Each structure stands twice: as C-alpha cells, then as structure tokens.
Amino acid sequence: MGAITFSIEKKLTGALGRAGILTTPHGTVRTPAFVPVGTLATVKSITPEEIKALGAQIVLANTYHLYLQPGEAIMARAGGVGKFMHYDGPTMTDSGGFQVFSLGFARGHGVTKVLKKTEKRLSRDEQQGGHAKLVSVDEEGVTFMSHIDGSTHRFTPERSIEMQENIGADIIFAFDECTSPLLSREKMEASLKRTHRWAKRSFDAHTRKDQALFGIVQGGRYPDLRKQSAEYIASIDFDGFGIGGSFDKDDMTTIVGLVNEILPEGKPRHMLGIGEIEDLFEGVKRGIDLFDCALPTRIARNGTLLTANGKKDILKAEYKERFEPIEKNCGCYTCMNYTKAYLHHLFKANELLGYRLATIHNLYFIVHLVDAMRASIIDGSFFDLKKEFLAKYR
RNA sequence: GCGCAGAUGGCGGAGCGGCCAAUCGCACUUGACUGUAAAUCAAGCGCCCGAACGGGCUACGCAGGUUCAAAUCCUGCUCUGCGCA
C-alpha cells in the first residue's frame with residue numbers, strides 16, 4: 001500500500017493530457033495542479049491560510065535549503081515540514097538536485113535552465129561545473145559550499161533521501177543532477193547515466209512508506225537520451241515521476257511528449273520548475289499532472305503581475321492613478337480589495353504588503369488557470385481554452 | 001541696508017582650472033526572472049548623426065573677463081537662505 005494513490009478522471013482525445021486525482025496522507029490534489037514553491041518551508045510573504053485561500057492544494061519545499069537552515073533535524077523534531085510551517089495540506093520536497101545546477105554551472109555561465117533562442121549560439125562543450133563556485137559533482141555525490149557561510153557539505157542520493165525522510169513531506173524526489181542546457185551530448189550522456197545510478201540508489205535508500213518517492217527523468221535537449229531516461233526511470237517502481245530541466249525553449253514541449261508517451265499512464269508526472277503560462281498549457285496537453293515553479297512568486301516580489309493580457313510591471317508610472325483592480329474579474333483577495341494605484345504605491349515605497357498582495361494575486365492567477373485547464377479537460381473544451389487564453393495573453 | 005553662505009541635469013546633491021555632457025541617490029524608461037543565494041539583477045536617461053568605433057551641437061543662475069583651457073578663477077548683476085540692523 002503506497003503513500004499516495006492516483007486515478008485518472010478524464011483524458012483528452014488526441015493528446016496525452018488528463019485530469020486526475022492524487023491522494024496523499026495530507027489530502028487530495030486534483031490534477032493538473034500548480035504547486036507553489038515554499039523553498040524554506042514558507043511560500044515567501046504569505047501564510048498557510050492564504051496559500052489555501054488562494055486555491056493552492058500542495059506546496060513544495062527544498063531539501064538543500066532546509067538542510068542548511070534550520071536543519072533537517074529541527075524539521076523531524078517539529079513533526080515534519082508541514083507541522084513546522086503550520087500547513088496541514090499535502091507537501092513535497094525537491095531533493096537538492098536542482099542546486100547542483102543553480103549553485104554550480106548556472107552561476108558560472110549565467111544561464112538559466114531554459115535555453116532561449118538567442119542563447120543557442122553559446123552552445124559549447126564545457127564541463128558542467130567547470131566554472132562552478134559552490135559545487136562539484138562526482139560519482140558518489142555532490143560537494144556543496146554553503147551559499148550562506150561557505151562551509152562544505154556533502155550530498156549523496158542516500159543522504160538526500162535520509163534528509164527528505166526527516167523533513168517528512170508526502171512526496172519526495174530522487175537525487176538527480178540538473179544539467180546545463182549548454183552541455184555537450186557526451187557530457188549529458190555521462191551525467192544522465194550517473195543520474196540513473198543515483199535514481200536507483202535513491203530508490204533503495206527510501207524507507208518511509210508513508211512518503212511517496214518520485215524518480216526524475218533527465219536527458220536535456222536530446223530526444224534519444226530523454227527516451228532512454230524515461231524508459232529506465234519507468235523501470236523502477238517509483239510512485240510517480242518528475243521531469244527535470246534543462247531544455248531548449250523550442251523543443252521542451254515535444255520532449256515532454258516523448259517522455260510521457262513512455263512513462264506509465266497510471267502514475268503522476270510532475271514537471272519540475274516550469275511555470276510560464278505557455279509552457280503550462282503545453283505541459284498539460286502532453287500529460288503533465290503537477291507543476292511547481294518559483295516564477296509567479298518571484299516575479300510578484302519584483303513587481304510583475306500576471307494578467308489575462310500578459311505580464312504587467314506594477315512599478316511603471318502609468319499605474320500611479322489607476323484606481324481599479326489588477327484584473328476586473330479576478331476573484332483573488334488582492335483584486336477584490338485593492339487597486340493598481342495602491343499596489344504601485346506599495347511597491348514604490350518598498351512596503352511589505354505589496355509583496356504579499358502581488359504574491360497572492362500571481363499564485364491565485366496561475367493556480368486557477370491550471371484548475372481551469374483541468375475543468376476544460378473534463379468538459380472537453382481544453383483546446384478552445386488554450387487557444388483563446390493564449391491569444392489574449394500574448 | 002550691512003555681513004555671511006549659496007545658485008549644477010526632472011529632484012536631491014558631488015565636482016572647485018584640463019581626464020566633465022558632468023560621481024552618486026531618487027524619479028523616469030526598457031529588459032530580465034522557469035525543481036528560489038532574487039522584496040533581485042541589467043541597460044538607458046541634454047540634443048543630433050552613426051550599426052559600431054565615434055563625431056557634432058548646446059549646457060553647471062545671467063552678462064562680461066582672465067587663461068592654450070573655466071561648472072571650477074575674477075568683476076558686475078539677479079535670485080535664495082541665515083545673521084545683524
């Protein structure tokens with residue numbers, strides 16, 4: 001008897017998309033669903049009551065960050081991350097694998113995991129971590145320098161799982177290496193093989209049966225490696241799957257399709273760290289059940305608001321006297337009660353409430369959008385919704 | 001009326017003979033942000049030409065002057081603040 005169950009309610013015709021129901025020890029998640037990111041056991045600037053009120057069903061925290069601060073032992077003694085942060089809904093933790101990338105290669109090269117068209121020409125064969133400041137990878141695991149105090153720390157698949165068991169989320173992830181999109185095929189392949197070995201080690205190290213463990217598919221931008229990865233990861237009896245970056249912006253969606261063709265239909269699929277609106281539609285269409293992403297909350301704190309007409313920068317002077325909600329028909333707490341002019345003022349004055357209100361709006365927007373996708377799968381209008389929404393959004 | 005201090009780009013405020021179209025902050029504009037080292041970061045911000053290197057023009061209250069060279073020194077004027085009458 002696993003920690004979670006997953007059932008499919010309705011499938012798209014002519015595509016891999018589906019609406020499902022995921023049950024966890026801390027509640028049910030109707031999928032597809034957007035998962036707010038709460039890296040340090042907090043969705044930055046808002047309370048668990050607000051997380052729920054805006055419609056989110058599950059939260060993702062981060063192992064690397066919680067290990068450094070306040071330490072996984074604190075989480076274990078608190079009774080798990082959910083209890084610690086006063087959130088009684090479903091939770092998941094990332095393994096720390098992403099930090100191999102974000103604290104390593106990404107910093108050395110100034111790239112993000114989604115390669116834009118203009119960056120393609122940068123492609124070159126450089127060893128991942130070659131310019132890294134805080135990370136080095138070997139067969140056994142990863143050595144990190146703390147970004148907080150520079151102290152050295154060692155993560156292995158076994159350690160990651162142990163830490164995640166201590167942190168105690170409902171769903172945990174295998175320890176993987178998130179590679180750079182600039183990585184050459186040879187390096188990518190070597191990294192992938194290692195990630196596969198780490199996946200097996202993660203699986204073998206997992207002991208808590210009240211926690212589900214998801215394996216992670218890698219393979220970068222290479223379709224054949226992605227297929228290979230999906231096949232291998234699917235061959236292990238994981239409770240579900242994560243699909244990890246990096247991608248090429250142009251073929252991210254086709255790669256997701258390839259992978260989901262292979263992954264067993266009856267288990268949930270989580271697309272790690274993807275949250276652009278277009279990508280969400282494409283992911284849902286191709287059978288993704290869960291998305292987490294720091295984007296909506298981060299850009300909220302930087303003053304960018306998501307609207308049906310695209311992103312809006314509330315810092316711009318044009319909002320100074322717009323005494324109207326961000327979105328007329330938005331049901332979020334922010335739009336129900338505050339105006340653009342007020343948000344603009346809060347941001348100009350660096351007032352804390354601004355970050356909160358913007359975060360609430362952006363999360364509400366994206367959570368409800370994915371919910372709408374779910375509803376549209378059930379009533380058969382997904383492709384209409386996609387077309388109409390994106391036409392307006394762009 | 002006398003004395004002292006000061007007038008610099010949208011604002012505040014540096015600079016006090018050449019490296020000054022002028023540091024910096026704010027404001028403004030544009031961009032970025034995808035498993036969060038991000039309440040962050042990057043670029044621009046007198047006018048004109050140029051893809052770019054760059055070039056031209058107008059500018060540091062106003063008018064003169066000294067000097068090869070002035071936002072910077074001198075003289076007068078105007079205005080502002082403070083003190084004394």
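Select domain 1 and domain 2 of chain A in this predicted model: their C-alpha centres lie 25 Å apart. To colour the two, use the bounds of the domain assignment, which gives residues 5-293 to domain 1 and residues 294-394 to domain 2.

Next, select the contact between the two domains. Domain 1 contributes 31 residues to this contact, and domain 2 contributes 27 residues. Remain on the side of domain 1 that touches domain 2. The strands that each supply at least two residues there are β1 (5-11), β2 (18-24), β3 (27-31), β4 (33-36) and β16 (290-293). The helices α1 (48-53) and α10 (277-285) each do likewise. Pause at α10, from which five residues come, the largest share of this side. Colouring this side of domain 1 by residue class will show 18 nonpolar, five polar and eight charged residues.

Now turn to RNA strand B and select the 52 residues around it. Which of these residues come nearest to the strand? They are Thr-112, His-147, Cys-178, Gly-273 and Ala-294.

Continue with the elements of the surface near RNA strand B. Two or more residues each are given by the strands β5 (59-62) and β16, and by the helices α5 (97-109), α11 (295-301) and α14 (352-379). Select α5 in particular, since this helix gives the most to the surface, with seven residues. β16 deserves a second look: this strand supplies at least two residues to the side of domain 1 that touches domain 2, and it also gives two or more to the surface near RNA strand B.

Finally, colour the surface near RNA strand B by residue class: its residues divide into 19 nonpolar, 18 polar and 15 charged.

Key:
Residues are numbered from 1 along each chain as its sequence is written. Chains are lettered from A and ligands numbered from 1 in the order in which they are written. This is a predicted model: local features need pLDDT of at least 70, side-chain atom pairs count only at pLDDT 80 or more; totals for chains, interfaces and linings use all residues. Domain bounds come from an automatic or database domain assignment. Two residues are in contact if their C-beta atoms, placed from the backbone, lie within 7 Å. Helices (H or I, at least four residues) and strands (E, at least two) are DSSP runs, numbered from the N terminus. Ala, Val, Leu, Ile, Met, Phe, Trp, Tyr, Cys and Pro count as nonpolar, Asp, Glu, Lys and Arg as charged, and the others, Gly among them, as polar. A residue is near a molecule or strand if its C-beta atom, placed from the backbone, lies within 6 Å of it.
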